[in-house]
Amino acid sequence: MTSSTPPDASARISIQADQPKAISSDLFGIFFEDLNYAADGGLYAELIQNRSFEYSSADHPDWNFFTAWELMQQRGSGSITLETEAPIHPNNPHYLVLTVEGEVGLRNTGFDGMVFKAGDSYDVSLFARVLEGTIGELRVRLERRTGEVLAEAVLPVQTGEWGKYTVTLQASADERHGRFVVLVNGSGSVALDVISLFPQKTFHYRPNGLRADLAQVIADLKPKFMRFPGGCLAHGDGLDNMYRWKDTIGPVETRREQFNLWNYHQSVGLGYYEYFQFCEDIGAKPVPVVPAGVCCPNTGARFNGLWEQGQQGLPLEAMPDYVQEVLDLIEWANGPVTSTWGAKRAAAGHPEPFGLEYLGVGNEDRITPVFKERFRLIHESVKARYPEITVIGTVGPRPDGEDYDEGWRVARELKLDMVDEHGYKPPDWYWENLQRFDDYDRADSAVYLGEYAAHDIGRRSTLRSALAEAAYMTALERNGDIVRLASYAPLLGKQHRLQWEPDLIYFDNVAVYPTINYYVQQLFSLNAGDHYLPTTVRFETDRMLAVSCVQDSRSGDLILKLVSRSDGPIHAQIDLAGVGGIKPTATVTVISGEPFDENLYSFWHTHILTPVQTAMPAAPQFDYVLPAHSLSIIRVKTM
Ligand code: AHR
């Protein structure tokens, strides 16, 4: 498909402002998966890597229980061993024993170093137990990469039972590649576990909280909902790797860590409580996704295009307990403090219910008899006990094919509230499928477009990909009566730690780098409406121009979105037919550039496309020139 249009291309756009159709007010949200170091080493603000000595080769072939730790023996001799007898908690079975003669240190290098800021405070906590000998205290330090000490404090430790020791350190200087050290002086051995270091300045100053700058960029998307914890991570690589929400709540030392199928580790320090709290903090509805009693179909090693184990289901005799686990999640989120699980939420610090409305069951599963039997059991029980919860089923990994067809057949048979459709396609596909949802039967289940992104050449986050997504989002608005939720995927990617591209937001330990696609998502979210106004477009070149118009009933504003992939400007005559009074000045927000522009943030070459907002005159009929390769959002105020 060529993107050339006549140099004087003109379009007529007519909006039926007096024929509003109600659409979803939750349409644009976000998809969070612990992929690309999105959680540990990313959004979760913990600075210590492998704080609980639970890393192993299951996470990554090169890793072991001491990964990210180093022994320092400049002033003494020491050794480390791994022990499992009498751990702090059975879910956290391994701990380190340090045997010393003289002064010996243990240094953690963090997730590619630690960032310290001069004057900022950092909370240290650790569990320790002196096993033998004369060890009366530990010294903890923040260090530069060069070894220069930036902060130090002493922690007295005792023999006997495990004790939790805490202290706050204040960094004396900035450092981008810092490290954390525990020094032990004496003669004997000490057991150590869950050695933790958090900046006090987390997002909203939450304890066990989130990295403030990264969380803020996510918050700035103003997402209406947040889906978590995946993606494939939700159903896991094998039955033992399924994400079980109960393993992720309570004091962090009691949580069950496990390998991350994206080839690293899940400390689950960012667990269900933290996910729900973050949703509340950013005004997004929580959309947890629980496994449908089956693991990811891509389980095990891959041979000749087939997965070694593939999809497996929990034994049927285990399903009643599993179904109860799902019901307990709803009680934990919404139940009164007098309920068993509501009491646990309250004990964690949140007596008010979280107001869960949506529950995803399954992710891109193969729609096999094994899946169907288990899904049906979960669905039936949830709807019987909590009819008000919107259950979201799954229709496989692609917008077509066997699982899509069978998933939809099951959805119709079970009369599911909603199904989760996924699709990653080249930019052209989105332009060619703008009509996709127009013909969906309105009596069928509603749609959650749970994962989508335009994959351009080299999986780059180009303006061309962002405009393809923008065009598709106009179609989502037009079909917002049945497409109730939509989220770009994935959300986060840590530089040099990527398993999947493109991502909406890139980051490293120091900074956050939003893509052009991020600004498109943000513009749609900030300019969402709850009514769609029928729009007619007359334009000579097909699939070059996508338009939608919504109204936000709170402000009364009419919001017109115009997406062009034409190489030249398009002169549009716009008619707001049937509109009542409008104010004489509107705003127009534009993002435009060359199709292969990308937001590049480097020391040598910074090239960033961001939206530009200006004022423009408004009238019931007006002209507007769409720049080449652009998204324009015109916001008209009504009287
Ligand atoms: O978004 C990345 C992955 O893509 C998700 O984990 C999975 O659901 C999909 O295949």
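# How the terms fit this structure

Guide: Let us start with two helices of this predicted model: helix H4 and helix H5 (residues 340–347) pack at an angle of about 50°, with their axes 7 Å apart.

Visitor: Why is H4 called oblique to H5?

Guide: Angles under 35 degrees count as roughly parallel, over 145 as roughly antiparallel, and 65 to 115 as roughly perpendicular, while the rest are oblique. The angle of about 50° falls in none of the three named ranges, and therefore H4 is oblique to H5. As for the hand of the crossing, H4 passes H5 in a right-handed one.

Visitor: Which residues of H4 and H5 make the contact?

Guide: From H4 come Asp328, Glu331, Trp332, Ala333 and Asn334, and from H5 come Thr340, Trp341, Gly342, Lys344 and Arg345.

Visitor: How do you know how many of these residues are nonpolar, polar or charged?

Guide: Asp, Glu, Lys and Arg count as charged, whereas Gly is among the polar ones. Set against that rule, the residues of this contact divide into three nonpolar, three polar and four charged.

Visitor: What is the angle at which helix H3 packs with H4?

Guide: Helix H3 (residues 272–282) and helix H4 (residues 319–334) pack at about 45°, with their axes 12 Å apart. Since this angle too lies outside the ranges for roughly parallel, roughly antiparallel and roughly perpendicular, H3 is therefore oblique to H4. H3 passes H4 in a right-handed crossing.

Visitor: What makes up the contact of H3 with H4, in terms of nonpolar, polar and charged residues?

Guide: Tyr272, Tyr273 and Phe276 in H3 meet Leu329, Trp332 and Ala333 in H4. Ala, Leu, Phe, Trp and Tyr are among the residues that count as nonpolar, and the division for this contact is six nonpolar, no polar and no charged.

Visitor: Let us turn to the strands. How do you know that E3 and E12 pair?

Guide: Two strands pair if there are at least two bridges between them. E3 and strand E12 (residues 225–228) are joined over two bridges, in the parallel sense, so the condition for pairing is met. Within this pair, Ile30 stands opposite Met226 in E12.

Visitor: How many bridges join E3 to E22?

Guide: Three bridges join strand E3 (residues 28–31) to strand E22 (residues 483–488), and the two strands run parallel. Here Ile30 stands opposite Tyr488, and the bridge partner of Gly29 in E22 is Ser487.

Visitor: What do the strands from E3 to E22 form?

Guide: Eight strands close into a barrel in the order E3-E12-E15-E18-E19-E20-E21-E22, with parallel pairing. From one strand to the next, the twist averages 25°.

Visitor: What is the order of the strands in the open sheet?

Guide: The order is E2-E26-E28-E29-E36-E31-E34, seven strands with antiparallel pairing.

Visitor: Why do E2 and E34 stand at the edges?

Guide: Strand E2 (21–22) and strand E34 (612–617) each have a single partner strand, so one side of each is left without a neighbour in the sheet.

Visitor: How do you know that E31 and E36 pair?

Guide: At least two bridges are needed, and strand E31 (residues 585–592) and strand E36 (residues 630–636) pair over six bridges, in the antiparallel sense. In E36, Ser630 is the bridge partner of Ser592. Helix H9 (residues 463–478) packs on this sheet, touching strands that include E2, E29, E31 and E36, and its direction makes about 140° with that of E29. Helix H10 (residues 516–526) also packs on the sheet, where it touches E29, E31 and E36, and the direction of H10 makes about 20° with that of E36.

Visitor: What is notable about the backbone at His496?

Guide: Most residues other than glycine have a negative phi, and most peptide bonds are trans. His496, however, has a positive phi of about 70° although it is not a glycine, and this residue lies in the loop between E23 and E24.

Visitor: Which residues does a cis peptide bond join, with omega about 0°?

Guide: That bond joins Glu501 and Pro502, and Pro502 is found in the loop between strand E23 (492–494) and strand E24 (505–507). A cis peptide bond also joins Gly230 and Gly231, with omega about 20°; Gly231 is found in the loop between E12 and helix H2 (232–235).

How values were computed
Residues numbered from 1 in each chain as written. Predicted model: local features only at pLDDT ≥ 70, side-chain atom pairs only at ≥ 80, totals over all residues. Heavy atoms only, no water. Helix = DSSP H or I, 4+ residues; strand = E, 2+ residues; numbered from the N terminus. Contact = heavy atoms within 4.5 Å. Axes fitted to C-alpha atoms, helices over the stretch in contact; angles between N-to-C directions. Left-handed = near helix turned anticlockwise from the far one by under 90°.
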